[in-house]
Number of protein chains: 2
Amino acid sequence: MTRRLSVVGLGPGRADWCLPAAADRLATATDLVGYGPYLDLIAVPTVGRRHPSGNRVEADRAAFALDLAAGGADVAVVSSGDPGIFAMAAAVFEQVELDPPRWSGIDIEVIPGVTAAQAAAARIGAPLGHDFCTISLSDVLKPWEVVERRIEAAAGADFVLAFYNPISRHRPWQLGRALEIVRCHRDGATPVVVARQVGRPDEEVHVVELGRLVPDDVDMRTVLVIGSSTTRTVAVNGREVVYTPRRYAGSLDSALVVPAVVGRPAI
Amino acid sequence: MTRRLSVVGLGPGRADWCLPAAADRLATATDLVGYGPYLDLIAVPTVGRRHPSGNRVEADRAAFALDLAAGGADVAVVSSGDPGIFAMAAAVFEQVELDPPRWSGIDIEVIPGVTAAQAAAARIGAPLGHDFCTISLSDVLKPWEVVERRIEAAAGADFVLAFYNPISRHRPWQLGRALEIVRCHRDGATPVVVARQVGRPDEEVHVVELGRLVPDDVDMRTVLVIGSSTTRTVAVNGREVVYTPRRYAGSLDSALVVPAVVGRPAI
């Protein structure tokens, strides 16, 4: 009996941005489990039965997939992006830990993928070229105070910030509060990458100054990448590129330091 | 004339963990530019001339690649992992900004890849399942005070920490100091994922308690992932798995909170 469960990352949606290891598992699995719209994103031919489920039922979905595998199936649990980042891999291990005997003997593997912040970064330049933090603004699974504390710390220490789950119908005010905190530490001219549906046909990636970013222009399919004090916007062939230099003023290698941006505080 | 430059991520080294978009560019480029050992990692057949260079000459390498493209070549600049994360994409844009007319008219694109922390996470479970920070411990390109300040902030706000470039012959003491800072904020039993050469034949991934991690056991080919207060080590089929639950004590969804680990401070 197979008894196998692979947690598989589709990447952002483009077939050529999905790992061959992931495509192989999707093609051969006997059962495909995931949030319905993610199953619809699968770009390779599949033979397995599809078990779509709603959003926000990750624990039930993980238990269902584990039960299938325990019964002898070869299961692929499908996430978009990287299943290890704010996605199904942790949900599967949470379930296993709650009831180990129920699911003993299942071979569990995780196949990574390109996560939304990486996809957004690649489309706009290299904003993640230096130290960065990845934060989910959702307070469904953690207290809002924890989110604020992390934003405050990361903004104060001049990390580039990637915000996942920035806003939703049920969480309308959190992004505005998060931006207030960041604006206490960053110049209003700091570039923010607003990336919606990267890798999909309706992809939209643009750059807004931190001081001009309005939460109403952001939706739940968007990832935000907020620059640090050194992140720069430059024109390359008439295209707006955002990147964070690898060098920081005052480094040992200071002869090669890129000139500082006028009007941004040096740290 | 082509005048094209693609900054391409190989991922960690396994051919089936490299994006098809990257493999395609590697296969068709007229010229392949990169650190020698990374060019040797390319797992697809190539036709282009290879231009290997030493480590720590990223600026020269980027300028050389841009000159090739300006002369009509179809160039692939090769990084391991994701070229947008502590790698060649930022180096290329730095050069372009220094002398835009020299390299005008070149079509520059970035193709992302699975970065070391993602690969390590997938091999051991899901330690990046919640908010995390990615920090390079190298003080070649930034002052050590900036590194310390970021570690202090990220450790204090209970982020999972991914350390890149943790140690080298020329930077022998920095990791020890970094661990001192983290130990002020985290229990000694916190799991640390020590991942060396993930995705390559000599891959080694293991888990050490923070209190027992010794810098001498780490080398420059290692990435470290240090858990937050909620990161857990569990046995799954006799295999040690490390994951960070998506839930945090006190969340709205508290009925589903995984029981807290005894002996770790709740935050």
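This passage describes how two chains of a predicted model meet, how chain A divides into domains, and how some strands, a helix and a few backbone angles fit into that picture.

We begin with the relation between the two copies. Chain A can be superposed on chain B with an RMSD of 0.0 Å by a turn of 180° combined with a shift of 0.0 Å along the axis. That is the relation of a two-fold axis. Within chain A, the C-alpha nearest this axis belongs to Cys133(A), at 2.1 Å from it. Cys133(A) also has a place in the pairing between the chains, where it stands opposite Cys133(B) in E7(B). The two strands concerned are E7 (residues 132-136) of chain A and E7 (residues 132-136) of chain B, which pair in the antiparallel sense over three bridges.

The contact between the chains takes in 67 residues from chain A and 66 residues from chain B. On the side of chain A that touches chain B, helix H4 (residues 88-98) of chain A provides the largest share, with seven residues. Sorted by class, that side of chain A comprises 41 nonpolar, 13 polar and 13 charged residues. Of the interface residues of chain A, 99% are also interface residues in chain B, so the copies meet through the same surface.

Turning to the inside of a single chain, the domain assignment of chain A gives domain 1 (4-114) and domain 2 (117-256). Between the C-alpha centres of domain 1 and domain 2 of chain A there are 28 Å. Eight residues of domain 1 of chain A are in contact with eight residues of domain 2 of chain A. On the domain 1 side of this contact, five residues are nonpolar, two are polar and one is charged.

Helix H1 (residues 20-28) of chain A offers a helpful view of packing. Buried residues in this helix are Ala21(A), Ala22(A), Ala23(A), Arg25(A) and Leu26(A). Their cover includes four strands of chain A, namely E1 (4-9), E2 (31-35), E4 (74-79) and E5 (107-111).

In chain B, strand E13 (residues 239-243) has two partners among the strands described here. With strand E6 (residues 125-126) of chain B, E13(B) runs parallel and is joined by two bridges; here Ala126(B) stands opposite Tyr243(B). With strand E12 (residues 232-236) of chain B, E13(B) pairs in the antiparallel sense over five bridges, and Val234(B) has Val241(B) as its bridge partner. E12(B) and E13(B) form a hairpin with two residues between them, and Asn237(B) in the turn has a positive phi of about 55°.

Positive phi values deserve a brief look of their own. Most residues other than glycine have a negative phi. In chain A, Asn237(A) is not a glycine, yet its phi is positive, at about 55°. Asn237(A) sits in the loop between strand E12 (232-236) and strand E13 (239-243) of chain A. Is Asn237(A) buried or partly exposed? Because 14 C-beta neighbours fall inside 10 Å, Asn237(A) counts as partly exposed. Asn165(B), also not a glycine, has a positive phi of about 45°. The loop that holds Asn165(B) runs between strand E8 (160-164) and helix H7 (174-183) of chain B. Asn165(B) is buried, as 20 other C-beta atoms lie within 10 Å.

Key. Residues are numbered from 1 along each chain as its sequence is written. Chains are lettered from A and ligands numbered from 1 in the order in which they are written. This is a predicted model: local features need pLDDT of at least 70, side-chain atom pairs count only at pLDDT 80 or more; totals for chains, interfaces and linings use all residues. A residue is buried if 20 or more other C-beta atoms lie within 10 Å of its own, exposed if 12 or fewer, and partly exposed in between; C-beta atoms are placed from the backbone. Two residues are in contact if their C-beta atoms, placed from the backbone, lie within 7 Å. Ala, Val, Leu, Ile, Met, Phe, Trp, Tyr, Cys and Pro count as nonpolar, Asp, Glu, Lys and Arg as charged, and the others, Gly among them, as polar. Two strands pair if DSSP finds at least two bridges between them. Copies are superposed by least squares on the C-alpha atoms of residues with pLDDT of at least 70 in both. Domain bounds come from an automatic or database domain assignment.
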